[in-house]
Amino acid sequence: MGSGKAKGAKELEVKDELQVEFVLSAGIVKDCELSLPYVIQLSNDKWNLFLAWQGFEETLIGFLKEGEDVREGIEVNAYDKGGHEFQMMLKKWVKDSNQFYVLNRGWFGFYNQHSLQQHDLIALPVFRHAITDILSLLVTFTRIR
């Protein structure tokens, strides 16, 4: 499985470059500011995408605006490689001494529409929408077999 992950990560990197180029050329990324992608392997939870607090917070922090409280939840838009928009909720959850972010309220629809599977590799660059200024994510993925 180790070599499969390396191959999958490399494929994702190439796909991401093409998909990021598409999103930038479509003019939806405010000031062409797009974070480096946060990469995660999918679990068996189709309803929630759990994101490690430390890794994802580094990606997210520069894009939050004053008054946006991820503990209360922030409505975000996720875009697939075709530019289709999916409305979701991003929340920071704290349980005991564990902290993590979760994408839900719309993640299930994205998951099903794209026939995602457990262990698929997901990359999430973060940006602000050029017109609406809504916190947004580009969701790219590749299969890990």
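Which residue in strand 10 does alanine 123 stand opposite? It's threonine 140, and the views below work outward from that pair. Keep in mind that this is a predicted model.

**View 1. The whole chain, before zooming in: three helices and ten strands.**
Follow the protein chain along its sequence and you read α-β-β-β-α-β-β-β-α-β-β-β-β. Of its 145 residues, 41% count as buried. Long-range contacts do a lot of the joining here: among contacts between residues at least 6 apart in sequence, 63% link residues at least 24 apart. The chain exposes about 8200 Å², with carbon and sulfur atoms supplying 51% of that area.

**View 2. An open sheet of three strands, in the order 2-7-10.**
The pairing is antiparallel. Strand 2 (38-41) and strand 10 (140-142) are the edge strands, each pairing on one side only. On average, neighbouring strands of this sheet are turned by 20 degrees against each other, direction ignored. Four bridges hook strand 2 up to strand 7, while three bridges join strand 7 (residues 121-124) to strand 10.

**View 3. Isoleucine 122, with a bridge partner in strand 10 and another bridge to isoleucine 40.**
Toward strand 10, the partner of isoleucine 122 is phenylalanine 141. The bridge between isoleucine 40 and isoleucine 122 belongs to the pairing of strand 2 with strand 7. One residue along, alanine 123 faces threonine 140 of strand 10. What about the faces of strand 7: which residues cover each side? Leu121 and Ala123 sit on one side, Ile122 and Leu124 on the other, and all of them are buried.

**View 4. Aspartate 120, in the loop between helix 3 (107-113) and strand 7.**
Is aspartate 120 buried or exposed? Its relative accessibility is 1%, so aspartate 120 counts as buried. A polar atom of the aspartate 120 side chain lies 2.8 Å from the backbone nitrogen of glutamine 117. Leaving aside residues up to four places away in sequence, aspartate 120 touches Ile40, Gln41, Leu42, Ser115, Thr142, Arg143 and Ile144.

**View 5. Arginine 143, in the segment after strand 10.**
With a relative accessible area of 24%, arginine 143 is partly exposed; the cut-off for buried is under 20%, so arginine 143 doesn't make it into that class. Residues up to four places away in sequence aside, arginine 143 touches His114, Ser115, Leu116, Gln117 and Asp120. Glutamine 117 and aspartate 120, the pair from the polar contact in View 4, are both among these neighbours of arginine 143. As for histidine 119, the C-alpha atoms of arginine 143 and histidine 119 are 7.5 Å apart in space, with the two positions 24 residues apart in sequence numbering.

**View 6. Leucine 51 in the largest nonpolar core, which has 27 residues.**
Which members of this core touch the most other members? They are Leu51, Phe56, Leu90 and Trp107. Not counting residues up to four places away in sequence, leucine 51 touches Tyr38, Ile40, Phe56, Leu90, Phe100, Tyr101 and Leu124. There's also a second, separate core of five residues, including Ile28, Val29, Tyr79 and Leu138. Back at leucine 51, its contacts include Ile40, the residue bridged to isoleucine 122 in View 3, and Leu124, one of the buried residues of strand 7.

Notes
Residues are numbered from 1 along each chain as its sequence is written. This is a predicted model: local features need pLDDT of at least 70, side-chain atom pairs count only at pLDDT 80 or more; totals for chains, interfaces and linings use all residues. Side-chain values use heavy atoms; hydrogens and water are left out. Two strands pair if DSSP finds at least two bridges between them. Helices (H or I, at least four residues) and strands (E, at least two) are DSSP runs, numbered from the N terminus. Axes are lines fitted to C-alpha atoms, for helices over the stretch in contact, and angles run from 0 to 180 degrees between N-to-C directions. Buried means under 20% relative accessible area, exposed over 50%, partly exposed in between (1.4 Å probe, protein chains only). Contact means heavy atoms within 4.5 Å. Accessible areas come from the Shrake-Rupley method with a 1.4 Å probe; for residues, only the protein chains shown count as cover. A polar contact is a pair of N or O atoms within 3.5 Å; within protein, one must be able to donate a hydrogen and the other to accept it, and residues adjacent in sequence count only if both atoms are side-chain atoms. A nonpolar core is a set of buried Ala, Val, Leu, Ile, Met, Phe, Trp, Tyr and Cys residues joined through side-chain atoms within 4.5 Å.
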